[in-house]
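The following exercises concern a ligand site and the sheets of one protein. Please work through each task with the coordinates open before reading its solution.

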Amino acid sequence: MNIYLDYNGTTPVDPAVRDEMLPFLGDLYGNPSSTHWAGQAAREAIDGGREQLASLIGGDSEEIVFTGCGSESDNLAIKGTLWSCCQQDLTKAHVITSAVEHPAIINCCTFLEKLGVDFTYLDVDRDGMISADQVEAAITDRTILISLMLANNETGVIFPIEEISRLTRSHGILLHTDAVQAVGKIPVDVNELGVDLLSLSGHKFYAPKGLGALWVRPGVNLEPLIHGGGQERGRRSGTEAVPNIVAVGKAASLLEPESLAKEVKRQAKLRDDLETELTEKLQRVIFHGSRVERLPNTTNFSLPGIDGESLRMHLDLQGIAVSTSSACASRGGKGSQVLRAMGVSEAEVQSAIRVSLGRWTTDAEIRQFIDILVEAAEALWRISPL
Ligand code: PLP
């Protein structure tokens, strides 16, 4: 039997979401820009999806820009705001971000650095955390944008965005948050957070891959990345992905506050029990980011002396899916940049494993995972030269 413990990588599509989108892969095939009956049915469907998604994050439907993925939302937030305010001279712009952002942010920043934009990458502490004081100290009179993730994809650590937004508002600086890992796992409200732009991605909350969104506060100027027919109020051209928008709307509707609160509690208990048992059963285990506020579903730990990739493969052979870092970083096989930025030793980086739980993770699966992990770790420790 397979056990899936990589919900931060992606989530399975909820059957209720699949049922909702299926008609749009069949008879309801219209282009929402068409004014005939077929187009109008599609238009109504995407309007509904937009409203459901906006309501999940406490925004208005016209503030949602649908994109192709979370990475595109991140790129649109950063490039779009910079281009709209500093296209004459990008070298005047200063942007603050952190060293532990997802590659969708880091690589976008690296590209913009080549065009002359000045970036500050905030260091995190040993727990993977930043403080509002650190952000304040990095602000200059050229700072126009701060982009910080809400929850880290590898450790689950939650940044104090609400506190930081009080700063950005008083300085008149735009604040973008990459909430791709947070939406669907914890309550997210754009007004409580006080942000100006927020990225999310449907495949992290039980919708299919291929749809992201950027929420944009009214009044924020944003130059589009994709020019064309002017869809999404001119902010992202291209015929809308109707089935995926319907799916994301349905997925959002399944996350009403009560059921989300229940899931948060259930997953946090499973995760905490898992950590307690691993501490008791393994000779040595080091948890990363566990002393600060973090997502309820995520644990990241090192078993010093064991190669994380060998352990991951060992578990995979037994049908258990976990990861050694983010899905993107694990393809490169270089180990976690996030843990390195936290000051974790190279030996611990190389032995790190990320386990992320979700809607269908059961207590029985966690018990089975513990048994298999403990057995595998002991076998690998016996043959470890370290
Ligand atoms: N930002 C974070 C924090 C993520 O974890 C991910 C995906 O793992 C992304 C952005 C990119 O989202 P997508 O896979 O939809 O492009």
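A polar contact is a pair of N or O atoms within 3.5 Å; within protein, one must be able to donate a hydrogen and the other to accept it, and residues adjacent in sequence count only if both atoms are side-chain atoms. The model is predicted, so local features need pLDDT of at least 70 and side-chain atom pairs pLDDT 80 or more, whereas totals for chains, interfaces and linings use all residues. Residues are numbered from 1 along each chain as its sequence is written, and side-chain values use heavy atoms, without hydrogens and water.

**Exercise 1.** Determine which side chains place an N or O atom close to a ligand oxygen, and describe the shell around the ligand.

*Solution.*
1. In the side chain of Q181, an N or O atom is 2.9 Å from an oxygen atom of the ligand.
2. For S71 the corresponding distance to a ligand oxygen is 2.6 Å, and a polar side-chain atom of S201 also lies 2.6 Å from an oxygen atom of the ligand.
3. The protein covers 90% of the 390 Å² of accessible area that the ligand has on its own (Shrake-Rupley method, 1.4 Å probe).
4. There are 13 residues around the ligand, of which G70, S71, D178, S201 and K204 come nearest (a residue is near if one of its heavy atoms lies within 4 Å).
5. Helix α3 (residues 70-86) gives the largest share of this shell, 3 residues (helices are DSSP runs of H or I with at least four residues, strands runs of E with at least two).

**Exercise 2.** Establish the strand order of the mixed sheet and locate the helices on it.

*Solution.*
1. The open sheet has 7 strands in the order β2-β8-β7-β6-β5-β3-β4, with mixed pairing (two strands pair if DSSP finds at least two bridges between them).
2. Its edge strands are β2 (64-67) and β4 (118-122), each pairing on one side only.
3. β2 and β8 (residues 212-216) pair in the antiparallel sense over 4 bridges; within this pair, W215 is the bridge partner of I64.
4. Helix α2 (residues 37-56) packs on the sheet and touches β2, β7 (197-201) and β8, with its direction at about 115° to that of β2 (contact means heavy atoms within 4.5 Å; axes are fitted to C-alpha atoms, for helices over the stretch in contact, and angles between N-to-C directions run from 0 to 180 degrees).

**Exercise 3.** Explain why β9 and β12 each have a side without a neighbour in the sheet.

*Solution.*
1. An open antiparallel sheet of 3 strands has the order β9-β10-β12.
2. β9 (286-287) and β12 (352-356) stand at its edges with a single partner strand each, so one side of each lacks a neighbour in the sheet.
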